[in-house]
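Here are some notes to read with the structure open beside you. I have kept each point short so that you can check them one by one.

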Amino acid sequence: MKDTGSYKPLTYFQLMEVSLRELLVEKGLLTEEQIRREVEDMRGRTPERGAKVVARAWVDADFRKRLLENGTKACEELGLDVPALKLVVVENTPQVHNVIVCTLCSCYPRMLLGIPPDWYKSRAYRSRMVREPREVLKEFGLHLEEEVQVRVHDSTADMRYLVLPMRPAGTEGRSEERLAALVTRDSMIGVSLAKSPGKNA
Amino acid sequence: MTQARYKVGERVRVMKAYPPGHIRTPFYIRGHTGTVERLCGAFPNPEELAQMRDGLPAQPLYRVRFLQKDVWPGYKGPDGDVVEIEIYQHWLEKA
């Protein structure tokens, strides 16, 4: 595309990206169309996919059981393909709160949550969540009682993690679709709870 | 694939080693003892993959649960708080 805006020099990583992309195309390894489609698909994956999985688990106890046993297989039932890796779903209960971090890089269940938020990749989150999780959760506005066990999952290798948040009170009889609207990205990372059903939810 | 050596519930220690290269065992957990939470399957060794080799035979990968108070001196939360980490078998020894 022709650049018609004001000129700003490319950053180091932008330059790297352009160089690599042009080389791959020049060498015939990828086409521009393939790259465009991949970017489009990547942008099309949003936390709504994860929310669908959580809502189903809230209404269907058998599905919930299968999801906790084998996350990848259970997602396939909903037509969600989670290729080339294994999904581990960890369940929040009144006794246990789970939270996900990747201290080594920024492993994230992109096929269910899309592109990770910037803070997930920040050095502060990655180093602090593992050694002072309760303080970090407080900064996210989540105050946990001492009786609740905090389980931090450091996503270091081939697994990817999704938190199954607790179903909020006062949602009895809600449709699966309306339940899904209460499931936020952050609640599936474990830095917050699912939304309570308010007037707007 | 390499045979899985440890069972769920077994106590294991992460080796205290500092080899160069691409390592998926976090620095902070080396030398610590935890409990096998589950066996995740077997995967090509990432240290070998990073060297453009095939990483075979596949290494069993475990999720190991550690008590936070054992990992961090002066951990401020309750004694029951845990951190769970994926560790490849060749980084583990019987505790």
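1. Let me begin with the nonpolar core, bearing in mind that this is a predicted model. The largest such core has 59 residues, and the members that touch the most others are A:Val54, A:Val99, A:Val101, A:Leu162, A:Val183 and B:Ile87. Helix H3 of chain A supplies the largest share of this core, with six residues. As general background, nonpolar side chains tend to be buried together in soluble globular proteins.

2. A:Val183 is a good residue to centre your view on. Leaving aside residues up to four places away in sequence, A:Val183 touches A:Ala51, A:Val54, A:Ala55, A:Pro165, A:Met188 and A:Ala194. A:Val54 and A:Val183 both appear among the core residues with the most contacts to other members.

3. Next, please look at how H3 packs in chain A. Helix H3 (residues 47-59) and helix H4 (residues 61-69) of chain A meet at an angle of about 125°, and their axes are 5 Å apart. The two helices are therefore oblique to each other, since 125° falls in neither the 65 to 115 range for roughly perpendicular nor the range over 145 for roughly antiparallel. Their crossing is left-handed.

4. Which residues make the contact between H3(A) and H4(A)? On the H3(A) side they are A:Val53, A:Arg56 and A:Ala57, and on the H4(A) side A:Phe63, A:Arg64 and A:Leu67. Sorted by class, this contact holds four nonpolar residues and two charged ones, with no polar residue.

5. Stepping back to chain A as a whole, you will find 11 helices and four strands. The C-alpha trace of chain A spans about 55 × 35 × 35 Å along its principal axes. Of the 201 residues in chain A, 33% are buried. Among contacts in chain A with a separation of 6 or more, 67% are between residues 24 or more positions apart.

6. The interface deserves a look too. Here 18 residues of chain A are in contact with 18 residues of chain B. On the chain A side, the elements giving two or more residues are helix H8 (123-131) and strand E3 (149-154). E3(A) gives the most, with six residues. By class, the residues on this side of chain A are six nonpolar, four polar and eight charged.

7. Two backbone details in chain B are worth checking, and both sit in one loop. B:Pro57 is in the loop between helix H1 (46-49) and strand E3 (59-67) of chain B, and a cis peptide bond with omega about 0° joins B:Leu56 to B:Pro57. B:Met52 also lies in the loop between H1 and E3 of chain B, and its phi is positive, near 65°, in a residue other than glycine. For context, most residues other than glycine have a negative phi, and most peptide bonds are trans.

8. Is B:Met52 buried or exposed? B:Met52 is exposed, because 7 other C-beta atoms lie within 10 Å and the cut-off for exposed is 12 or fewer.

9. Finally, B:Pro78 belongs to the loop between helix H2 (68-71) and strand E4 (82-88) of chain B. B:Pro78 has 16 C-beta neighbours inside 10 Å and so counts as partly exposed. B:Pro78 and B:Val64 are 14 residues apart along the chain, and their C-alpha atoms are separated by 19 Å.

Notes
Residues numbered from 1 in each chain as written. Chains lettered and ligands numbered in written order. Predicted model: local features only at pLDDT ≥ 70, side-chain atom pairs only at ≥ 80, totals over all residues. Axes fitted to C-alpha atoms, helices over the stretch in contact; angles between N-to-C directions. Parallel < 35°, antiparallel > 145°, perpendicular 65-115°, else oblique. Left-handed = near helix turned anticlockwise from the far one by under 90°. Contact = placed C-beta atoms within 7 Å. Nonpolar A, V, L, I, M, F, W, Y, C, P; charged D, E, K, R; others polar. Core = buried A, V, L, I, M, F, W, Y, C linked by C-beta atoms within 7 Å. Buried ≥ 20, exposed ≤ 12 C-beta atoms within 10 Å, placed from the backbone.
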